Amino acid sequence: MANSKVVLTNKHYLAEAKVRNHFSVIDEPVSAGGDDNGPTPVEYLLTAIGGCVSITLRMYAERKGWDVGEITVNVSQVIENNKRSLTEEISFEKEVTEEQKKRLLTIAGKCPVAKMVKGETKIVTSIQ
């Protein structure tokens with residue numbers, strides 16, 4: 001089971017996160033009232049999706065014996081008419097066939113983080 005603990009400090013919007021034995025910071029840019037000490041929550045979400053998609057693709061390519069080289073996933077938030085959506089642009093260092101592209105595109109949609117975001121993941125919230 002994955003777990004993350006986030007503590008918002010007394011310094012504007014600076015938060016400290018601990019995941020297993022790893023620490024990271026979350027903040028807002030100066031233009032939003034933060035001090036720009038780290039990525040925003042949305043930027044972490046985009047990073048999580050990109051990381052998950054690339055790892056999922058690597059695992060699949062390795063099982064198939066495909067050498068695709070480096071995998072780059074650019075994930076962006078798009079806001080149009082007050083509606084938000086995400087775009088993913090995936091590229092491979094090495095040449096892939098059209099058939100491989102079709103299969104890899106399907107596999108990219110199976111990344112667990114993207115599936116959580118696409119579907120309605122139940123969140124149970126409580127105040128202690």
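**Notebook: strands, bridges and patches**

**Entry 1, Ser91.** I started at Ser91, which sits in strand β5 (residues 83–92). For my own reference, helices (H or I, at least four residues) and strands (E, at least two) are DSSP runs, numbered from the N terminus. I was working with a predicted model, where local features need pLDDT of at least 70 and side-chain atom pairs count only at pLDDT 80 or more, while totals for chains, interfaces and linings use all residues. Residues are numbered from 1 along each chain as its sequence is written, and side-chain values use heavy atoms, with hydrogens and water left out.

Is Ser91 buried or exposed? Neither extreme fits: Ser91 counts as partly exposed because its relative accessibility is 38%. The cut-offs I used are under 20% relative accessible area for buried, over 50% for exposed, and partly exposed in between (1.4 Å probe, protein chains only). I also noted Gly69, which is 22 residues from Ser91 in sequence and 9.9 Å from Ser91 in space, C-alpha to C-alpha.

**Entry 2, the disulfide.** Next I went to the cysteines. A disulfide is a covalent bond between the sulfur atoms of two cysteines. The rule I applied takes a pair of cysteine sulfur atoms within 2.5 Å, and the count by this rule is 1 disulfide. Which cysteines form the disulfide? They are Cys52 and Cys111, with their sulfur atoms 2.5 Å apart. Cys52 belongs to helix α1 (residues 41–64) and Cys111 to the loop between α2 and α3 (112–118), so this pair ties together parts that lie 59 residues apart in sequence. I read 130 degrees about the S-S bond, which makes the link of Cys52 and Cys111 right-handed. Cys52 and Cys111 are both buried.

**Entry 3, salt bridges.** Here I looked for a side-chain nitrogen of Lys or Arg within 4 Å of a carboxyl oxygen of Asp or Glu. How many salt bridges come out by this rule? The count is 2.

One of them joins the side chains of Lys94 and Asp67, at 2.6 Å from N to O. Lys94 is in the loop between β5 and α2, and Asp67 is in the loop between α1 and β4 (71–80), so the pair ties together parts 27 residues apart in sequence. Lys94 is partly exposed, with a relative accessible area of 37%, whereas Asp67 counts as exposed at 52% relative accessibility.

I also wrote down the salt bridge of Glu98 with Lys101, whose closest N and O atoms are 3.4 Å apart. Why are these two about one helical turn apart? Glu98 and Lys101 are separated by about one helical turn because they are 3 residues apart in helix α2. Glu98 counts as exposed at 58% relative accessibility, and Lys101 counts as partly exposed at 39%.

**Entry 4, surface patches.** Patch members have over 30% relative accessible area and no salt bridge; like charges are joined within 9 Å, and nonpolar side chains (Val, Leu, Ile, Met, Phe, Trp, Tyr) within 5 Å. Accessible areas come from the Shrake-Rupley method with a 1.4 Å probe, and for residues only the protein chains shown count as cover. Lys and Arg count as positive and Asp and Glu as negative, with His and the chain ends not counted. I took the place of a charge as NZ of Lys, CZ of Arg, CG of Asp or CD of Glu.

Which residues gather in the patch of positive charge? I listed Arg63, Lys64, Arg103, Lys110 and Lys115 on the surface. Arg103 lies in helix α2 (residues 98–108) and is partly exposed, at a relative accessible area of 33%.

The nonpolar patch on the surface consists of Leu45, Leu86, Met116 and Val117, together giving about 320 Å² of accessible area. Val117 is in helix α3 and is partly exposed, with a relative accessible area of 37%.

**Entry 5, backbone and spacing.** His12 caught my eye with a phi near 55 degrees, a positive value in a residue other than glycine. His12 is in the loop between β1 (5–8) and β2 (15–19), and is exposed at a relative accessible area of 53%. Asp36 has a positive phi too, near 55 degrees, and sits in the loop between β3 (22–26) and α1.

Pro39 is placed in the loop between β3 and α1. How far is Pro39 from Glu80, C-alpha to C-alpha? I noted 22 Å, with the two residues 41 apart along the chain. Last came Val75 in strand β4, which counts as buried at 14% relative accessibility.
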